[in-house]
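These are my notes from going through one model. I took a few residues in turn and wrote down what I looked up.

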Amino acid sequence: MSAATGSALPHPYRVVSRHVDTADTVTLELDHDGAPLPGFAPGQFAMLTAFGIGEVPISLCGLPEASDGSARRLTHTLRAVGAVTRALHAATPGTVIGVRGPFGTSWDVPSAAGHDVVIVAGGIGLAPVRPILQTVLAERTRYGEVVLLVGARTPADLLYADELRRWAAAGVQVGVTVDRPSDGWTGHVGVVPALIPAARFDPGRTVAFVCGPEVMMRFTARALLDRGVPADRLRVSLERNMRCGLGWCGHCQLGPLLLCRDGPVVDYTRAEPLMTVREL
Ligand SMILES: Cc1cc2nc3c(=O)[nH]c(=O)nc-3n(C[C@H](O)[C@H](O)[C@H](O)COP(=O)(O)OP(=O)(O)OC[C@H]3O[C@@H](n4cnc5c(N)ncnc54)[C@H](O)[C@@H]3O)c2cc1C
């Protein structure tokens, strides 16, 4: 998993499109309004500034288009949960946002070539794994079975519904489950790890990518290990309160790791002992 160190000063980017995904979540496409940042890899994150309010870490959720390796366009899906994400959520086309990055480790998707790929996401955790799907589908023949299992609170909270249908049509095994069904929902109800036993993949030749709330990642990892996926081929994305993004301030320390630098994507062999210690 490669790591990158981004800038300490925000670069101006302008919102060029705003797509409403769910009641509290939007996808913003940003275009550089000055010098573009270096390109981001799937799994890495940016620090986004709503000027006058604050700065928050938000993952890359779409592959950059530029062929020169720079981040001319950036796509971010964000859920409004507090002051900064509410301000970013409200940003309309033309609004200038500050962007620092790229930060953190990547999913290292190419290392899964020749393997089955199993992706498990909970809630907004589907955003950071979206570029994994895009990478794999762009070079479909390099990978074996591709499985995407998604959990959402309700059907109305499900992200990228159209894309889920397109990915299924492209041969991805897509499984969706919700905590609380609404009228007319005919799909699965329950937690996302429950979808793992029925998915078709060869555990011995699988690389798994997991992103979501920490408790969901723990149970998902347990279900994948029980199926026989080796722990060193299981990657999780860990979130902590990130400030500098550069490994300087220590806000995102988790045991020996500074997650803005050594994460967010961490091999489960390193993550597991840290995820099971309370209050660490
Ligand atoms: C590496 C990384 C990547 C992320 N990627 C995305 C993304 O792609 N899309 C997205 O919507 N969000 C993402 N987040 C979460 C996002 O950074 C937080 O929601 C944001 O920092 C909240 O800031 P706020 O000022 O709006 O709210 P605050 O007032 O800081 O918090 C509001 C509520 O959200 C909770 N909260 C704050 N930070 C987090 C966090 N890191 N994880 C879980 N709960 C939190 C607080 O405990 C509080 O209950 C990511 C976080 C990290 C660390």
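Where is the place of Leu9? I found Leu9 in the loop between β1 (3-4) and β2 (11-22). I note here that I am working from a predicted model.

**Entry: Leu9**

I asked whether Leu9 is buried or exposed. Leu9 has 64% relative accessibility, so I put it down as exposed, the cut-off for that class being over 50%. Setting aside neighbours within four places in sequence, I listed Val99 and Arg100 as the contacts of Leu9. I also took a C-alpha distance from Leu9 to Gly114: the two are 105 residues apart along the chain, and I read 39 Å between them.

**Entry: the whole chain**

Next I looked up the chain totals. I counted six helices and 18 strands. The chain has 280 residues, and 51% of them count as buried. Along the principal axes, the C-alpha atoms fill a box of roughly 50 × 45 × 40 Å.

How does the radius of gyration of the chain agree with that of a compact globule? For 280 residues a compact globule would have a value near 19 Å, and I read 18 Å for the chain, so the two agree.

I then looked at contacts with a separation of 6 or more: 73% of those in the chain are between residues 24 or more positions apart. The accessible surface of the chain comes to about 12,000 Å², and carbon and sulfur atoms hold 53% of that surface. For charges I noted 26 positive and 26 negative, with mean positions 2 Å apart.

**Entry: Thr206**

Which strand holds Thr206? I found Thr206 in β14, which covers residues 206-211. Its relative accessibility is 0%, so I entered Thr206 as buried; the class takes in anything under 20%. The side chain of Thr206 reaches the backbone oxygen of Asp202, and I noted 2.6 Å for that pair. Leaving out neighbours within four places in sequence, the contacts of Thr206 are His115, Asp116, Val118, Phe201, Val229 and Arg233. One of these, Asp116, is where β10 (116-122) begins.

**Entry: Ser237**

I placed Ser237 in β15, residues 234-237. Ser237 has a relative accessible area of 8%, and therefore it counts as buried. Its contacts, again without neighbours within four places in sequence, are Trp107, Val210, Cys211, Met217, Pro264 and Val265. Among them, Val210 and Cys211 fall in β14 (residues 206-211). Pro264 from that list comes up again in the next entry.

**Entry: cis peptide bonds and positive phi**

I went through the backbone for unusual angles. Most peptide bonds are trans, and most residues other than glycine have a negative phi.

Which residues does a cis peptide bond with omega of about 5° join? I found Gly263 and Pro264 there. Pro264 is in the loop between α5 (259-262) and β18 (265-267). Another cis peptide bond joins Gly101 and Pro102, with omega of about -5°. Pro102 lies in a strand, β9, which covers residues 96-105.

For phi I noted Asp108, which is not a glycine yet has a positive value of about 50°. Asp108 is in the loop between β9 and β10 (116-122). I recorded Asp108 as partly exposed because its relative accessibility is 26%, in between the cut-offs of 20% and 50%.

Tyr160 is not a glycine either, and its phi is positive at about 50°. The place of Tyr160 is the loop between β11 (146-152) and α3 (161-169). Is Tyr160 buried or exposed? I have it as buried, since its relative accessible area is 8%.

**Entry: Arg261**

My last stop was Arg261, which is in helix α5. Arg261 counts as partly exposed because its relative accessibility is 39%. Its side chain makes a polar contact with the side chain of Asp262, at 3.1 Å. I then checked Arg261 against Thr105: they are 156 residues apart along the chain, while their C-alpha atoms are separated by 6.9 Å. Thr105 is in β9 (residues 96-105), the strand that also holds Pro102.

Definitions and conventions. Residues are numbered from 1 along each chain as its sequence is written. This is a predicted model: local features need pLDDT of at least 70, side-chain atom pairs count only at pLDDT 80 or more; totals for chains, interfaces and linings use all residues. Side-chain values use heavy atoms; hydrogens and water are left out. Helices (H or I, at least four residues) and strands (E, at least two) are DSSP runs, numbered from the N terminus. Buried means under 20% relative accessible area, exposed over 50%, partly exposed in between (1.4 Å probe, protein chains only). A polar contact is a pair of N or O atoms within 3.5 Å; within protein, one must be able to donate a hydrogen and the other to accept it, and residues adjacent in sequence count only if both atoms are side-chain atoms. Contact means heavy atoms within 4.5 Å. The radius of gyration is taken over C-alpha atoms; the globule rule is 2.2 Å times the number of residues to the power 0.38. Accessible areas come from the Shrake-Rupley method with a 1.4 Å probe; for residues, only the protein chains shown count as cover. Lys and Arg count as positive and Asp and Glu as negative; His and the chain ends are not counted. The place of a charge is taken as NZ of Lys, CZ of Arg, CG of Asp or CD of Glu.
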